Amino acid sequence: MGTFVVNIIGSFIIGMLFGVAERTSAITPAISALLITGFCGGFTTYSSFADDIYLLLHERNWMMLVLYAGLTLVLGVALVWAGRAVVKG
C-alpha cells in the first residue's frame, strides 16, 4: 500500500511540474530534469512496484495483483492529467 500511495502522489506532482513547465518559463530544462527526473523519480519507486508485483505473482494473489497494477496505472495517468489541469487552470 505504501508504494501505491507514493506512486500516485508522485504522479500528481509530476503532472503539476510538467504543467508549470509548459505554462511558464519558470522551470528551465535543467530544473525540470532535477525536479521531475531527480526528485519525483527518487520519490516514486518503480523497482518497489516491480517487487510488489513479483511477490503477488509468487503468492498467486491474482485479485490483488490486478487491482494494484491496474489502479496504479489508471490512477497514475489520471493524476498526471489532474496535476497538469490544476496548474493550467
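Helix packing, cores and salt bridges in a predicted model

Leaving aside neighbours within four places in sequence, isoleucine 8 is in contact with Leu71, Thr72, Leu75, Gly76 and Leu79. These contacts belong to a predicted model. Isoleucine 8 is also a member of the largest nonpolar core, which has seven residues in all: Phe4, Ile8, Phe49, Ile53, Leu56, Leu65 and Tyr68. Three helices, α1, α3 and α4, are the elements that give two or more residues to this core. The largest share, three residues, comes from α3. Another core lies apart from this one; it has five residues, among them Ile14, Leu17, Ile27 and Ile36.

The packing of α1 and α2 was examined next. The two helices pack at an angle of about 170°, and their axes are 9 Å apart. Angles over 145 degrees count as roughly antiparallel, and α1 and α2 are therefore roughly antiparallel to each other. On the α1 side, the residues that meet α2 are Val6, Ile9, Gly10, Ile13, Ile14, Leu17 and Phe18. Their partners in α2 are Leu35, Ile36, Cys40 and Phe43. Two of the residues in this interface, Ile14 and Leu17 of α1, are also found in the five-residue core, as is Ile36 of α2.

Two polar residues of these helices were considered in turn. Asparagine 7 lies in helix α1. With a relative accessibility of 9%, asparagine 7 counts as buried, because the cut-off for a buried residue is under 20%. Not counting residues up to four places away in sequence, asparagine 7 touches Thr44, Thr45 and Phe49. Of these partners, Phe49 is a member of the largest nonpolar core. Serine 32 lies in helix α2, which covers residues 29-43. Its relative accessibility is 16%, so serine 32 counts as buried. Serine 32 touches Ile27 and Thr37, again not counting residues up to four places away in sequence. Ile27 is one of the residues of the five-residue core. Asparagine 7 and serine 32 are 25 residues apart in sequence, and their C-alpha atoms are 19 Å apart in space.

Helix α4 covers residues 62-88. At 1.5 Å a residue, its 27 residues should span 39 Å, and the C-alpha atoms at its ends are 39 Å apart, which agrees with the expected value. The buried residues of α4 are Leu65, Tyr68, Thr72, Gly76, Ala82, Gly83 and Val87. These buried residues pack against α1 and α3. Two of them, Leu65 and Tyr68, belong to the largest nonpolar core, while Thr72 and Gly76 are among the contacts of isoleucine 8.

Positive phi values occur on either side of α4. Most residues other than glycine have a negative phi. Arginine 60, a residue other than glycine, has a positive phi near 55°. Arginine 60 is found in the loop between α3 (46-58) and α4. At 61% relative accessibility, arginine 60 counts as exposed. Just after α4, glycine 89 takes a positive phi of about 75°.

A search of the whole structure finds two salt bridges. Side chains of opposite charge can pair when their charged atoms come close. In one salt bridge, arginine 84 pairs with glutamate 22, and the closest N and O atoms are 2.8 Å apart. Arginine 84 lies in helix α4 and glutamate 22 in helix α1 (residues 2-23), so the pair ties together parts that are 62 residues apart in sequence. In the other, lysine 88 forms a salt bridge with glutamate 22, the closest N and O atoms being 3.1 Å apart. This pair also links distant parts of the chain, since lysine 88 is in helix α4 and glutamate 22 in helix α1, 66 residues apart. Glu22, Arg84 and Lys88 are thus linked in a network of salt bridges. Each member of the network is partly exposed: the relative accessible area is 25% for arginine 84, 43% for glutamate 22 and 45% for lysine 88.

Definitions and conventions. Residues numbered from 1 in each chain as written. Predicted model: local features only at pLDDT ≥ 70, side-chain atom pairs only at ≥ 80, totals over all residues. Heavy atoms only, no water. Helix = DSSP H or I, 4+ residues; strand = E, 2+ residues; numbered from the N terminus. Buried < 20%, exposed > 50% of the residue type's maximum accessible area, 1.4 Å probe, protein only. Contact = heavy atoms within 4.5 Å. Salt bridge = Lys/Arg side-chain N within 4 Å of Asp/Glu carboxyl O. Expected span 1.5 Å × (residues − 1). Core = buried A, V, L, I, M, F, W, Y, C linked by side-chain atoms within 4.5 Å. Axes fitted to C-alpha atoms, helices over the stretch in contact; angles between N-to-C directions. Parallel < 35°, antiparallel > 145°, perpendicular 65-115°, else oblique.
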